Amino acid sequence: MEKIINITVKVWRQKGPKAKGGFESHKLNGISGDTSFLEMLDILNEQIVSEGKEPIAFDNDCREGICGMCSLYVNGHPHGPDNLITTCQLHMRHFKDGETITVEPWRSAAFPVIRDLMVDRQAFDKIIQAGGYTSVNTGGVPDANAIPISKIDADEAMDSASCIGCGACVATCKNGSAMLFVSAKVSQLALLPQGKIEAKARAKAMVAKMDELGFGNCTNTRACEMECPKGVSISNIARLNRQFLTAKFSD
Amino acid sequence: MYWLFNSSIGRKLIMSISGIFLILFLLFHATMNLTLVFSTEAYDWICEMLGANWYAIAGTLVLAGGFVVHIAYATWLTLQNQKARGTAKYASANQTKTEWAAKNMYVLGLIIVLGLLIHLWNFWYNMQFKELLHLKGAVSAGSGLVIDLFSQPIYSLIYLLWLAAIWFHLTHGVWSAFQTLGWNGRTWYPRLKFISNVVATIIMVAFAVVPVFFTIKSLFN
């Protein structure tokens with residue numbers, strides 16, 4: 001049987017990066033349990049527009065959980081109360097009839113609010129630019145499988161690469177630390193032969209950039225891996241620590 | 001070596017190494033305490049040896065250095081982390097089911113420091129400090145001090161609460177130290193977590209034996 005709920009959405013509104021923000025409450029009736037969270041916000045925006053007001057700004061793109069563009073801190077959890085999904089994959093059946101749903105932007109000094117629920121996550125791009133790549137000669141295309149890679153390493157690298165860079169780890173971390181993101185991006189390359197060559201320089205450059213951009217120090221609370229929509233493990237953080245320390249001690 | 005102070009992982013390494021040093025000290029201290037249950041003479045012999053001798057003073061200074069480094073870095077890291085978190089707080093709070101100890105390491109640390117001050121006042125001041133400065137009433141045989149103190153149940157209670165804070169601090173601290181050193185992964189995480197609980201419990205029980213034993217003993221006297 002289809003679930004239909006009436007809800008109150010308590011949402012953060014902020015005109016610009018420097019403007020003072022505040023919460024605004026909207027009643028929304030007749031929402032189907034099959035509606036995704038972002039579709040619910042679309043319906044709410046239609047309602048707001050029809051009242052002649054400014055719609056709520058929020059980030060979204062693919063709406064199928066792979067682009068990492070959607071954010072939203074819903075009822076105390078980044079990407080809402082469900083596990084291993086992004087906000088776009090969250091459905092309204094997870095909420096009760098008559099519930100007040102609090103929707104906030106990611107909060108972290110390194111992620112300033114642009115408008116309403118949108119935050120500036122360019123800090124992540126800057127970390128990738130600092131070393132999250134392999135320098136390759138773009139000659140002829142090599143044969144696939146020309147370099148043997150063990151199944152274990154391939155799987156582990158693939159798990160690390162599942163990080164979509166959404167920033168949920170930073171949003172939930174009590175220290176505003178980006179270690180889960182950085183460690184996943186370091187691991188996905190360092191585990192493979194092509195990435196091993198620059199592994200030391202990469203770990204040093206990306207950690208230096210992360211520190212420079214004002215992210216906090218990891219204290220191993222594991223909040224990041226609990227909230228990560230892709231289930232990226234803190235074993236990546238241990239690997240980053242290991243790589244960074246060996247790189248520094250071998251200097 | 002500038003990176004040790006200049007990078008987040010470097011600062012964490014200092015926390016990790018100083019933490020492991022303090023854990024090793026706790027294991028030594030707990031073992032030393034246990035001798036009192038079996039023999040007052042043996043305990044007093046150890047106290048005598050750790051009085052105002054050059055090696056005991058050197059050891060005390062190194063130990064104090066370990067505490068200062070661990071506390072100073074904890075404060076520095078906590079301040080940096082609060083700054084990174086930003087001034088805007090979540091209205092719906094943080095509902096992530098993280099472990100309580102993991103989130104409250106600094107607060108637990110403050111409780112431990114408070115307990116440490118009481119402990120230094122109870123023992124170290126009356127023993128090594130007074131002996132060093134040739135003050136009146138320096139005690140070289142510690143057994144009397146211990147037995148007197150724990151014949152007051154309120155002190156046993158304070159010490160047991162202190163030990164509880166240390167237990168929580170260590171359950172997170174032990175595996176966390178290894179994680180920072182890079183010695184962790186999918187296979188090692190459950191093992192290290194188990195080792196953390198075992199180490200924390202051994203230390204707590206070993207320390208708790210003396211106050212509990214002498215409180216009960218005083219009640220039957």
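Which residue in β2(A) is the bridge partner of I5(A)? In this predicted model, that partner is I31(A), and the pair makes a handy place to begin a walk through chain A.

I5(A) and I31(A) face each other within a longer run of pairing: strand β1, residues 4–13 of chain A, is joined to strand β2, residues 22–32 of chain A, by nine bridges, and the two strands run antiparallel. Strand β1(A) also pairs with β5(A), this time in the parallel sense and over four bridges. If you would like a residue to click on there, try V11(A), which stands opposite V103(A) in β5(A).

Let us follow the sheet further. Strand β3, residues 73–74 of chain A, pairs with β4(A) through two bridges, and the direction is antiparallel. Here Y73(A) has P78(A) of β4(A) opposite it. Put together, the five strands of chain A form an open sheet in the order β2-β1-β5-β3-β4, with mixed pairing. Because β2 and β4 (77–78) of chain A each have a single partner strand, they stand at the edges, and one side of each is left without a neighbour in the sheet.

A helix joins this picture too. Helix α1, residues 37–50 of chain A, lies across β1 and β2 of chain A, and its direction makes an angle of about 110° with β2(A).

Now turn to the other chain. Chain B has nine helices and zero strands, so to speak a plain read along the sequence: α-α-α-α-α-α-α-α-α. Its C-alpha atoms fill a box of roughly 55 × 40 × 35 Å along the principal axes. Of the 221 residues in chain B, 26% are buried. Among the contacts in chain B with a separation of 6 or more, 78% are between residues 24 or more positions apart.

Finally, where do the two chains meet? The contact draws 40 residues from chain A and 36 residues from chain B. On the side of chain A that touches chain B, the elements giving two or more residues are β5 (100–104), α7 (199–212), α8 (223–227) and α9 (235–249) of chain A. Strand β5(A) is thus a familiar name, as the parallel partner of β1(A). The largest share of that side, eight residues, comes from α9(A). Sorted by class, the side of chain A that touches chain B has 14 nonpolar, 18 polar and eight charged residues.

Technical notes:
Residues numbered from 1 in each chain as written. Chains lettered and ligands numbered in written order. Predicted model: local features only at pLDDT ≥ 70, side-chain atom pairs only at ≥ 80, totals over all residues. Contact = placed C-beta atoms within 7 Å. Nonpolar A, V, L, I, M, F, W, Y, C, P; charged D, E, K, R; others polar. Buried ≥ 20, exposed ≤ 12 C-beta atoms within 10 Å, placed from the backbone. Pairing = 2+ DSSP bridges. Axes fitted to C-alpha atoms, helices over the stretch in contact; angles between N-to-C directions.
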